[in-house]
Amino acid sequence: MNAVLIGVILMLGLSLLRVNVIVAMTISALVAGLTAGLGLENTLNAFNDGLSGGAEIALSYAMLGAFAVAISKSGLTLILANKLLSLVNSKNKDSASYLSMLILVVIMGCAIASQNLVPVHIAFIPILIPPLIVIFNKLKMDRRAIACVLTFGLATSYMVLPYGFGGIYLYSILHKNLTDNGLEIINTSVPYAMIIPAIGMLIGLLVAVFISYRKPREYQSNEMTSEKSDLVVEDQRKVLIAGGIAVICSLLAQNVSGSMILGGLVGVMMFALFGLIKWEQNSDIFTKGVAMMAMIGFIMISAQGFASVMKETGDVASLVQTCANLIGDSKPIAAAVILLVGLLITMGIGSSFSTVPIIATLFVPLSLEVGFSAMATVALVGTAGALGDAGSPASDSTLGPTSGLNTDGQHDHIWDSVVPTFIHFNIPLLIFGWIAAMVL
């Protein structure tokens, strides 16, 4: 049986059974490697080789965690939280519903901007979301809806908007790999091919917010959430000005250098220089920042090891070839198989950016052979790459929302982030990606 198929299904099954994601990935990688005949030593070597690729990501998240702690200690986000809390306490039920929707819109705007306008990716989540937990609790907002809003903004925007990370995905990765494998199409046509799949994402979001998770959901208030509402920021003007400068400097440092590590470091140092946090607190801030983001960092490291074993097995190509033999000349079957295989691969790797180079070499010749148009091929490969990014346990599109929403330990990564986003985004993507392949 195909080792990639076994590895991904086992990893997802163990995760759904509440086995720690890191343990699930490690076990699944070993099973996949042994199934492919790599042997224990070669499997471990492939896994270890992949781990080094996740070190920079893990350090980046740790630094972002420190930056988030620094912002929290400065009182910057507390000012926003107290302002919103006063609005919540003074509003009636109808106004509270309006405020809930307004908060969701603002969060989605921040998520979209983080991909295209100010490309900081998930860096804003551990900064913006934790101070708002007390507001979410007061409004009885279902955090699964918030997770879906965040994931929608993180994933859909790079699929259709050719700016920031969207420009990288659509032009530097998707278009380049398509043309390198024989597809003739101009780069400006690529975003248009992804519009129909993006509509599927939008429908999934509307279902999540207005149907699936519309009802109020109770969360327990603990010391972390209750104490924030009682704190008072003495010099709000200083905090707002100095904190704003620190955040802007951090964003500039990240955009200029392309490094989240440097961006987070600059942000923390600026808070210390302005006196918003005490210099001797630096060690404590970094310790708490690492603790906040440690699980995400280790999951990302494990995901790199898992992906390395999947590639080493060589069974991705054989999986596609097996499917190709079953397709024949049927376009509907071919589109469905391509999308399902893309889903499996991305669920295991956890990154659409890393998946496209792998599947493009296999799917472009297959699509052309079956007779798909250039636009349909773009839609198929682009959607197949994005599939799973919104519903993989190892994707930063799900790990990011969890990092902010689980601050008080009441948001489960698998059942409150991964499963809701898989249902509301991956299933519509499969359907609308298939439709795009049929009509383009």
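Here is a chat about a predicted model of a protein chain.

Me: What's the secondary structure like here, in terms of helices and strands?
Reply: The chain has 22 helices and zero strands. Keep in mind that this is a predicted model.

Me: OK, so how confident is the predictor, on average?
Reply: The mean pLDDT of the protein chain is 80, and 87% of the residues score at least 70.

Me: Which helices have the lowest and the highest mean pLDDT?
Reply: Helix α13 (residues 223-230) has the lowest, at 48, while helix α12 (residues 195-212) has the highest, at 93. Over residues 226-230, pLDDT stays under 50. For that stretch the model has six contacts beyond four places in sequence.

Me: Switching topic: what share of the residues is buried?
Reply: Of the 440 residues in the protein chain, 55% count as buried. As for the accessible surface, it comes to about 18100 Å², and 64% of that belongs to carbon and sulfur atoms.

Me: Which residues touch the most other members of the largest nonpolar core?
Reply: Those are Ile-129, Phe-136, Leu-174 and Val-381, in a core of 98 residues. Helix α9 (residues 143-160) gives the largest share of this core, with 12 residues. There is also another core lying apart from it, with 19 residues, including Ala-66, Phe-67, Ala-70 and Leu-76.

Me: And what is Val-381 in contact with, leaving aside its neighbours within four places in sequence?
Reply: Val-381 contacts Leu-174, Leu-178, Val-356, Ile-359, Ala-360, Phe-363 and Val-364.

Me: What about cysteines? How many disulfides are there?
Reply: The count is zero.

Me: Is Cys-148 buried or exposed?
Reply: Cys-148 is buried, because its relative accessible area is 0% and the cut-off for buried is under 20%. Cys-249, with a relative accessible area of 25%, is partly exposed.

Me: New one: where is Ser-15?
Reply: Ser-15 is in helix α1, which covers residues 3-16.

Me: Why does Ser-15 count as buried?
Reply: Its relative accessible area is 2%, and under 20% counts as buried, so Ser-15 makes the cut.

Me: What does Ser-15 touch, not counting residues up to four places away in sequence?
Reply: Ser-15 touches Val-21, Ala-24, Pro-393 and Ile-414. Take Pro-393: the two residues are 378 residues apart along the chain, yet their C-alpha atoms are separated by 7.7 Å.

Me: For the whole chain, what share of contacts between residues at least 6 apart in sequence joins residues at least 24 apart?
Reply: In the protein chain, that share is 80%.

Note on methods
Residues numbered from 1 in each chain as written. Predicted model: local features only at pLDDT ≥ 70, side-chain atom pairs only at ≥ 80, totals over all residues. Heavy atoms only, no water. Helix = DSSP H or I, 4+ residues; strand = E, 2+ residues; numbered from the N terminus. Buried < 20%, exposed > 50% of the residue type's maximum accessible area, 1.4 Å probe, protein only. Contact = heavy atoms within 4.5 Å. Areas by Shrake-Rupley, 256 points an atom, 1.4 Å probe, with all protein chains shown as cover. Core = buried A, V, L, I, M, F, W, Y, C linked by side-chain atoms within 4.5 Å. Disulfide = S-S within 2.5 Å. pLDDT = per-residue confidence, 0-100.
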